[in-house]
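I opened my notebook to go through this structure step by step. Here is what I looked up, in the order I took it.

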Amino acid sequence: MTTKMAINAKELFRNQHRLIRFIEQSIRMCSNQTLKQQQQQKTQLEADFQITKSITSQLSTAVPEPIVHDEDVGQQFAASALSVRLATPQQLQPKPDNAEELGFGKLFTDHMLKIYWHKSLGGWQKPQITPLENLVMHPAAKVLHYAVELFEGMKAYRGVDDKIRIFRPNMNMHRMNLAAQRSGLPTFEGEEFIKCLSRLLTIDSEWVPHTEAASLYIRPTLIGIDPTLGVASSDSALLYAILSPVGSYFKSDETGAVSLLADPSYTRAWPGGAGNRKMGSNYAPTINVQKEASRKGLQQVLWLYGDDHQLTEVGTMNIFMLFINEQGEKELRTPPLNGLILPGITRDSILALTRQWGKFKVSEETFTMHNIVDLLNKGRLLELFGTGTACVVSPVNRISYLGKDLYIPTMEQEKPLHETIRETLMDIQYGKVQHPWSVVIE
Ligand SMILES: *Cc1c(COP(=O)(O)O)cnc(C)c1O
């Protein structure tokens, strides 16, 4: 290929996204949504925005403490040194056109972000965006033996204004760095990573679904790749990110609710363990229990802990219950961050929002299966739901516990709280209201 042809091909590729977007916009303009409808929608959005603006302006967004890097991490990487190698037109994958059939994490976009860390080379190396490709590593790589691995789960949303947003990314970066510390992997500057990730999102932006029924899942991952078998910190690591367009995460029944298996003979996390970190080693041992739940016709596992059967998490979600307390007040409760609980960003956001609403009591306290049974008997349990990035909120309608079926009236409430929470968070994520939690990718 001559240089000139190469440049033309590159230009063509760069602009194909814009061309596709232009065509899609034209199609949408001419199809189901008339301009008048669009205008009405906009006015409604502005009205909604007026209401929420007054609430959100006083919201104190928890900003995590900056990470202190260990001396032996060495040099940090800078987004300004990012290099980009684009996929050739032949390498581009067809984009899915049906959001309902996406499933979760089955399809990937055309590019990925990679940043190597080598102790012998002084620390973090230059970040690179490359076509999505297989990783090559030595069969002794530590990740393959001792699960020296951690990950994050984030999403990019295409807003009603066609802008792409990510949600509280600094929280994910902080959590990832805490997991890196726990695994003896190198820590990094989250802000620089987000800048590189934003570039990746811009390059693969046409993969962010044009619908509120889907989004682009972001999977940052950090692995130890040192080719030595010692159970020791890895002298080489790879930090990377891949992107996957996703629909809804869980198979629920027609009502949208999930049923749970609560078997006290299994434990997901314990005091002093690492259940509060998104490390791969926490998830492999849950798969067979999840299979058992599926065999029994149940959708998720309710993880219990301790002799008193404390509720800790639902599958890979945090758990919340809404109930009437001893004082006759409505109360929203979730277990405290006592080391057994993954510090969910959805969890944190729900706590901040509901505390700001001030409509009911909000608490972070342990609750047990005994409490659930007692509240059910007294008719004071209102809602039970899981929360997480993948699904926002996932209502629970049944728990199978010690051979009994407990029916939870989550779906029978008149104006259920989990619905309001889902709508509020999605309005922020899809840019229907301006909010400091939503970060626009320029
Ligand atoms: C990821 C995860 C959550 C939810 O965290 P978010 O930041 O809200 O997505 C909850 N529990 C477990 C076990 C998780 O892995």
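**Entry 1. Around the ligand.** I started with the ligand, keeping in mind that the model is predicted. I looked up which residues surround it. There are 13 residues around the ligand, and Gly-344, Ile-345, Thr-346, Gly-388 and Thr-389 come nearest. I then sorted the shell by class. Seven of its residues are polar, three are nonpolar and three are charged.

Which element gives the largest share of the shell around the ligand? I found that α7 does, with three residues. Helix α7 covers 345-357, and β13 covers 317-324. Each of the two supplies at least two residues of the shell.

**Entry 2. Strand β16.** Next I turned to β16, which spans residues 381-388. Gly-388, listed above among the nearest to the ligand, falls within that range. I asked myself how many residues of β16 are buried. The count is eight of the eight, so the strand is largely enclosed by the rest of the structure.

I checked the partners of β16. With β13 it runs antiparallel, and six bridges join the two. In that pairing I noted Leu-322 opposite Glu-383 of β16. With β17, residues 392-401, the pairing is again antiparallel, over four bridges. Here Phe-385 stands opposite Pro-395 of β17. A hairpin of three connecting residues takes β16 into β17.

**Entry 3. Just after β17.** I followed the chain onward to Leu-402. This residue sits in the loop between β17 and β18, the latter being 404-407. Leu-402 has a positive phi of about 50 degrees, though it is not a glycine. Is Leu-402 buried or exposed? I found 11 other C-beta atoms within 10 Å, so Leu-402 counts as exposed.

**Entry 4. A similar check on Asp-162.** I looked at a second loop, the one between β6 (154-158) and β7 (164-167), which holds Asp-162. Asp-162 is not a glycine, yet its phi is positive, about 70 degrees. I counted its surroundings too. Asp-162 has 12 other C-beta atoms within 10 Å and is therefore exposed.

**Entry 5. The nonpolar core.** From exposed loops I moved to the interior. In soluble globular proteins, nonpolar side chains tend to be buried together. In this model the largest nonpolar core has 92 residues. Leu-197, Leu-200, Leu-260 and Leu-302 have the most contacts inside it. The largest share of this core, seven residues, comes from helix α5, residues 190-203. I also looked up which domains take part. Domain 1 (79-246) and domain 2 (252-431) each give the core at least three residues.

I picked Leu-200 for a closer look. Setting aside neighbours within four places in sequence, I listed its contacts as His-111, Leu-113, Ile-129, Ala-241 and Leu-243.

**Entry 6. Strand β2 and its partners.** His-111 led me to β2, residues 111-118. Which strands pair with β2? I noted β4, β9 and β3.

- β4 covers residues 128-131 and pairs with β2 in the antiparallel sense over four bridges. The partner of His-111 there is Pro-131.
- β9 covers residues 236-246 and is antiparallel to β2, with six bridges joining them. Trp-117 stands opposite Ala-237 of β9.
- β3 covers residues 123-124 and is antiparallel to β2, over two bridges. His-118 has Gly-123 as its bridge partner in β3.

β2 and β3 also form a hairpin, with four residues between them. In its turn, Gly-122 has a positive phi of about 95 degrees.

**Entry 7. Leu-216.** I found Leu-216 in β8, residues 215-224. Leu-216 counts as buried because it has 22 C-beta neighbours inside 10 Å. Beyond four places in sequence, its contacts are Lys-155, Ala-156, Trp-207, Val-208, Pro-209, Leu-243 and Pro-245. Leu-243 also appeared in my list for Leu-200. Gly-105 is 111 residues away from Leu-216 in sequence, but their C-alpha atoms are 9.5 Å apart in space.

**Entry 8. The whole chain.** I ended with totals. The protein chain has nine helices and 19 strands. Of its 442 residues, 37% count as buried. I also looked at contacts with a separation of 6 or more. Residues 24 or more positions apart account for 74% of these.

Technical notes:
Residues numbered from 1 in each chain as written. Predicted model: local features only at pLDDT ≥ 70, side-chain atom pairs only at ≥ 80, totals over all residues. Core = buried A, V, L, I, M, F, W, Y, C linked by C-beta atoms within 7 Å. Buried ≥ 20, exposed ≤ 12 C-beta atoms within 10 Å, placed from the backbone. Domains from an automatic or database assignment. Contact = placed C-beta atoms within 7 Å. Near = placed C-beta within 6 Å. Nonpolar A, V, L, I, M, F, W, Y, C, P; charged D, E, K, R; others polar. Pairing = 2+ DSSP bridges.
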